[in-house]
Amino acid sequence: AYWYWERLLSLKLQNIEVARRPIDPRWQKKFDSLLGVGASTGKKKKRDRKKKAAASKSKITAELMMTQGKRDLCRGIYKSILAFQKLGVIKFPELPYGNDALTFEHRYAEFRKVPQPIAYEYFDFLRMNDQKGERPLQLFHHAYASLENAKNIIVEASKRVNLLPANLLKCNEFLKVVKRNSATLFAAQKAMKAPPPGKKGPSTNPSLEGYKIDFEFKLDRLFVVLKLTEVPRKAAVE
């Protein structure tokens with residue numbers, strides 16, 4: 001579901017950017033005449049200039065930065081899951097409806113009840129899941145880059161004075177999720193005897209045989225922490 005969430009957050013960011021664009025002065029005059037707004041006085045113009053100056057100093061709000069951070073966090077988790085899935089170390093539960101296509105239709109049926117945004121279809125999922133034949137190591141690098149970007153944005157958002165207290169607490173939780181998932185990627189690279197994420201080089205053991213990925217939601221109920229654990233030999237043989 002993280003790939004779907006990442007796309008919804010991307011759409012939200014696009015809509016916010018469109019809404020933040022300045023209105024054409026010609027249209028603004030028409031809106032003012034329709035609303036019966038008269039000409040601005042000197043004091044009002046001065047206040048408007050101060051507001052515009054303050055807005056220009058902070059072009060992006062803390063809440064918008066939080067959305068960007070969550071989007072990159074979703075992308076990093078999704079890329080990580082896809083890489084581990086290709087390595088065969090993730091075991092998903094049995095599908096409730098028997099196959100992927102039917103499960104997808106039921107899981108995201110609610111999105112088809114609203115006109116916007118346009119709901120994604122199963123073929124969109126297959127297209128994104130393919131990732132153009134990217135190998136697990138490549139996906140690890142992409143995932144690490146997204147997690148690092150999420151960390152930097154969330155850290156910057158936590159410094160904003162206009163951030164709500166509840167979101168400040170969320171920032172700390174998100175940062176813990178980012179750090180734990182980044183540590184998992186490093187551990188996986190080490191187990192594969194490959195260079196750490198962000199550095200190029202061959203892998204002498206391009207598999208994670210004897211390992212498994214567990215899902216943990218202790219830090220946050222929505223953002224998962226992927227835990228790489230070694231499977232005991234007896235359990236691996238069975």
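A salt bridge is a side-chain nitrogen of Lys or Arg within 4 Å of a carboxyl oxygen of Asp or Glu. Keep that in mind for the exercises below.

This is a predicted model, in which local features need pLDDT of at least 70 and side-chain atom pairs count only at pLDDT 80 or more, while totals for chains, interfaces and linings use all residues. Residues are numbered from 1 along each chain as its sequence is written, and side-chain values use heavy atoms, with hydrogens and water left out.

**Exercise 1. Get to know the fold**

Task: Find how many helices and strands the protein chain has, and in which pattern they follow each other.

Solution:
- Begin with the rule: helices (H or I, at least four residues) and strands (E, at least two) are DSSP runs, numbered from the N terminus.
- With this rule, the protein chain has nine helices and two strands.
- Walking along the sequence, you meet them in the pattern α-α-α-α-α-α-α-α-β-β-α.
- Now look at contacts, meaning heavy atoms within 4.5 Å. Of the contacts between residues at least 6 apart in sequence, 68% join residues at least 24 apart.

**Exercise 2. Buried or exposed?**

Task: Decide whether serine 146, threonine 184 and arginine 7 are buried or exposed, and list what each one touches.

Solution:
- First, the cut-offs: buried means under 20% relative accessible area, exposed over 50%, and partly exposed in between (1.4 Å probe, protein chains only).
- Serine 146 sits in helix H7, residues 136-158. Its relative accessibility is 9%, so serine 146 counts as buried. Not counting residues up to four places away in sequence, serine 146 touches Asp72, Arg75 and Gly76.
- Threonine 184 belongs to helix H8, residues 165-191. Because its relative accessible area is 7%, threonine 184 is buried. Leaving aside neighbours within four places in sequence, the contacts of threonine 184 include Phe84, Ile213 and Leu228.
- Arginine 7 is found in helix H1, residues 2-20. With a relative accessible area of 16%, arginine 7 is buried as well. Beyond its neighbours within four places in sequence, arginine 7 is in contact with Tyr120 and Met128. Arginine 7 and tyrosine 120 are 113 residues apart along the chain, yet their C-alpha atoms are separated by 9.4 Å.
- For the overall picture, buried residues make up 34% of the 238 residues in the protein chain.

**Exercise 3. Follow the salt bridges**

Task: Take three salt bridges, those of glutamate 6, lysine 170 and lysine 212, and work out how far apart the closest N and O atoms are in each.

Solution:
- A search of the whole structure finds 10 salt bridges.
- Glutamate 6 pairs with arginine 75, and their closest N and O atoms are 2.6 Å apart. This pair links distant parts of the chain, with glutamate 6 in helix H1 and arginine 75 in helix H4 (residues 62-87), 69 residues apart. Glutamate 6 is buried because its relative accessible area is 7%, whereas arginine 75, at 27%, counts as partly exposed.
- Lysine 170 pairs with aspartate 220, at 2.9 Å between the closest N and O atoms. Here too the partners come from distant parts of the chain: lysine 170 is in helix H8, and aspartate 220 is in the loop between strand E1 (211-216) and strand E2 (225-230), 50 residues apart. Lysine 170 is partly exposed at 30%, while aspartate 220 is buried at 4%.
- Lysine 212 pairs with aspartate 214, with 3.9 Å between the closest N and O atoms. Lysine 212 is partly exposed at 38%, and aspartate 214 is partly exposed at 28%.
- Finally, return to glutamate 6: salt bridges link Glu6, Arg7, Arg71, Asp72 and Arg75 in a network.

**Exercise 4. Cysteines and disulfides**

Task: Find how many disulfides the structure holds, and then check whether cysteine 74 and cysteine 171 are buried or exposed.

Solution:
- A disulfide is a pair of cysteine sulfur atoms within 2.5 Å.
- The structure holds zero disulfides.
- Cysteine 74 has a relative accessible area of 0%, so cysteine 74 is buried.
- Cysteine 171 is likewise buried, with a relative accessible area of 0%.
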